[in-house]
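Please open the model in your viewer and keep the sequence panel beside it, since this tour moves from one selection to the next.

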Amino acid sequence: MADIGILADAARVVFAWPNIVLILLGVLIGIIGGALPGVGGALTVAIAMPFTLQMRSTSAIIFLMAIYNGVMYGGSISSILFNVPGDSSAAATTLEGYPMTKQGRAIDALTISALSSGLGDLFGAIVIILLMPVMVTLVLLFGTPEYFLVAIFGLSLIIVVSDGSFLKDMMAGGFGALIATIGVAPMSVTERYTFGLLGLYDGVDFVAALIGIFAISEMLRLSLRDGSISREGDVDVSGSVKSGVKTVLSRPITLLKSSGIGLLVGAIPGSGGSVSTFIAYGEAKRSSNDPDKFGTGAEDGVIATESANNATVSGALIPTLTFGIPGSTTTAVLIGALMLHGLRPGPALFDEQIGLTYSIFATLVICSLVIIVFGLLVVRWAGYITTINTDLIIPIIVCLSLLGTYSLHSNYIDVFVVLVMGVVGYLMDSYDYSLVAFLLGLILGPIAEENLYRSLQLSGGDFDIFLATPLRIVLVAMILLVIVGPYVRPLFDQLHQQTTNQ
C-alpha cells in the first residue's frame with residue numbers, strides 16, 4: 001500500500017497556495033491548447049515551460065501536469081464538433097463524436113467526453129498511487145550499468161514505434177542522438193561541434209529544441225491554412241448534459257476496461273494516447289451488443305476513447321519518472337521541465353524527491369475532478385475556442401516561444417536553435433520522419449553515453465559488467481528481443497501456418 005503519511009503531505013502541498021490555483025489555471029490553459037488543432041499537448045507544455053522558471057520546482061511541475069491533463073481532454077472538443085482532432089490522441093474520438101454532432105447531440109458527446117476523461121484520469125492516478133511502493137522498490141535496484149541498458153532499450157524501441165519507413169525512423173533517432181552530442185563531452189573536456197561558439201559549450205538546450213520542434217514547426221503548418229483554425233462555419237452546439245452523464249454512468253464496464261487499456265498501453269514508451277485510444281475503441285466495438293452502431297454515433301465509442309486517453313497520462317508517467325524514457329511526446333517535454341528545475345528522472349525521484357512524485361499523482365486526482373467540473377460547466381461554449389483565426393494565433397505563439405526561450409539563459413544561441421529546429425521539425429513531419437524517434441535519440445543518447453562511460457570506469461573497461469547480475473541479463477535479453485523480434489516473428493508465423501496446413 002502507498003505510504004499514507006507521504007500521501008497526506010502530498011495532498012497538503014497540492015491544496016496549498018498557489019498550487020491549487022495553478023492546477024485550475026493549468027487545466028484551463030490545457031483545454032484551450034488541446035482544443036486548437038495543430039497546437040496539442042507537447043506544444044502547449046513547451047510554450048508554458050520557460051514561464052515556470054520563477055516558480056518553485058514543485059509548483060512548476062504541478063502546473064505543467066495540469067496543462068498536460070487539460071490538453072488530453074481539450075483535444076476532443078474540435079474532434080467532436082468539427083471532425084478535426086485537436087491532438088493525435090483525440091483522433092479516435094472523431095469516429096463517434098462527430099457523427100453525434102451531426103445528429104444534433106453535440107452536448108451529449110462533449111459531456112460524455114468530459115466525464116469519461118475525468119474518470120479515466122482518476123482511475124489511472126489512483127492505481128499508480130497504490131502501486132507506488134512497488135515502483136520505488138524496482139527503481140532503487142537500478143545503478144549506472146542498468147541505466148545504460150535501459151537507455152539502449154529505449155533507443156531500440158524506435159523499431160517498435162516506427163509507423164512508417166523503418167530506415168527513416170532510425171535516421172531520425174540517430175539525428176536526435178547526434179544533436180545531443182554537441183557541446184563538451186560528459187566527464188571530459190573534449191569539445192564537439194561547438195564551432196568555437198561559447199553558447200554551444202553546454203550543448204543544444206533541450207527545452208529550446210523542444211519548443212522549436214513543436215511550437216515553430218506547428219505554426220509553419222498552420223500558416224498554410226486560411227481563416228479560422230476549425231475551417232468550419234457556424235458552431236451549432238445542441239443536446240443534453242443530463243443525458244450525457246446518464247450515458248457514462250450506465251456503462252461502468254466500458255469505462256473501467258478502457259481506462260485499464262489506457263494505463264497499460266501508456267506505460268509502453270513511445271505509444272501514447274493515439275495508440276491506446278484506438279485499441280480501446282476496437283475493444284469497445286468487439287464487446288458491444290450492437291457493433292453495427294459504431295461509426296454512426298455510438299456513445300460507447302466516445303466513452304472508450306476518452307477514458308483511455310486520459311488514463312494514458314498516468315501510464316506514460318511510469319517510464320518517464322522511473323527511467324527517463326518518454327511515454328509520449330508530451331512526457332518528453334515534461335522530462336525537459338524536470339531537468340530545467342534541477343530534477344532528474346530515476347532513483348532520486350523515488351528516494352530524496354518521493355514527496356514530489358506523490359504530489360504529481362495527487363495532482364492528477366485533482367485535475368480529474370477539475371476536468372469534470374470545467375467540462376460540464378463550459379460545454380455549451382467550448383466550440384467557440386476553435387473559431388479563433390490563425391492570423392491571431394500564429395504571431396502570439398511564435399513571440400511567446402522566442403521570448404520564453406531567451407528567458408531561459410539569456411542566450412541568443414537558444415533563439416537560433418528554436419528557429420532552426422522549427423524548420424527541421426516541419427521538414428521531418430512533412431517527409432514522414434518520426435518526431436518520437438528523434439526525441440528518443442535526443443533524450444536517451446546522452447544518458448546512454450554518460451552511463452556507458454561511468455560503467456566502464458567502474459569495471460576498468462570490462463564489458464562483462466553489463467552481464468554481472470540477473471537484472472542486467474534480463475535487460476540485455478529485452479533489448480535483443482526488441483531488435484530481432486520484428487524479423488523473427490514472421491518466420492514463426494510462416495512456420496505455424498505451414499504446420500496448420502499440414
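What percentage of the 502 residues of the protein chain count as buried? The figure is 55%, and it should be read with the knowledge that this is a predicted model. Colouring by secondary structure will show 20 helices and two strands in the protein chain. Among contacts between residues at least 6 apart in sequence, 79% join residues at least 24 apart.

**First stop: helix 1 against helix 16**

Select residues 4-15, which form helix 1, together with residues 354-377, which form helix 16. The two helices pack with their axes 8 Å apart and at an angle of about 60°, which makes helix 1 oblique to helix 16, and the crossing is right-handed. To see the contact itself, show the side chains of Ile6, Leu7, Ala10, Val13, Val14 and Phe15 on helix 1, and then add Ile354, Gly355, Tyr358, Ser359, Ala362, Thr363 and Ile366 on helix 16. By residue class, this contact between helix 1 and helix 16 is made up of 10 nonpolar residues and three polar ones, with no charged residue.

**Second stop: helix 2 against helix 16**

Keep helix 16 displayed and add helix 2, residues 19-35, whose axis comes within 10 Å of that of helix 16 and crosses it at roughly 55°. Helix 2 is therefore oblique to helix 16, and the crossing of this pair is right-handed. On the helix 2 side the residues to select are Ile20, Ile23, Leu24, Val27, Leu28 and Ile31, while helix 16 contributes Thr363, Ile366, Cys367, Val370, Ile371 and Phe374. The contact of helix 2 with helix 16 counts 11 nonpolar residues and one polar residue, and again no charged residue.

**Third stop: Ala114**

Next, centre the view on Ala114, which sits in helix 6, residues 106-139. Is Ala114 buried or exposed? Its relative accessible area is 0%, so Ala114 is buried. If neighbours within four places in sequence are left aside, the residues in contact with Ala114 are Tyr73, Ile371, Ile372, Gly375 and Leu376. A distance label drawn between the C-alpha atoms of Ala114 and Phe374 should read 8.2 Å, although these residues lie 260 residues apart along the chain.

**Fourth stop: the aromatic pairs**

Finally, turn to the aromatic rings, of which the structure holds three pairs. A pair of aromatic rings is described by the distance of the centres and the angle of the planes. Select Phe175 and Phe438, whose ring centres are 5.6 Å apart and whose planes stand at 40°, so that the pair is tilted. Because Phe175 belongs to helix 9, residues 166-180, and Phe438 to helix 19, residues 435-459, the pair ties together parts that are 263 residues apart in sequence. With a relative accessibility of 31%, Phe175 counts as partly exposed, whereas Phe438, at 0%, counts as buried.

Then move to Phe463 and Phe466, where the ring centres are 6.3 Å apart and the planes are at 45°, so this pair is tilted too. Phe463 counts as exposed at 53% relative accessibility, while Phe466 counts as buried at 6%. Add Phe148 to the selection to complete the view, for ring pairs link Phe148, Phe463 and Phe466 into a cluster.

Notes:
Residues numbered from 1 in each chain as written. Predicted model: local features only at pLDDT ≥ 70, side-chain atom pairs only at ≥ 80, totals over all residues. Heavy atoms only, no water. Axes fitted to C-alpha atoms, helices over the stretch in contact; angles between N-to-C directions. Helix = DSSP H or I, 4+ residues; strand = E, 2+ residues; numbered from the N terminus. Parallel < 35°, antiparallel > 145°, perpendicular 65-115°, else oblique. Left-handed = near helix turned anticlockwise from the far one by under 90°. Contact = heavy atoms within 4.5 Å. Nonpolar A, V, L, I, M, F, W, Y, C, P; charged D, E, K, R; others polar. Buried < 20%, exposed > 50% of the residue type's maximum accessible area, 1.4 Å probe, protein only. Phe/Tyr/Trp six-rings, centres within 6.5 Å; stacked < 30°, edge-to-face > 60°.
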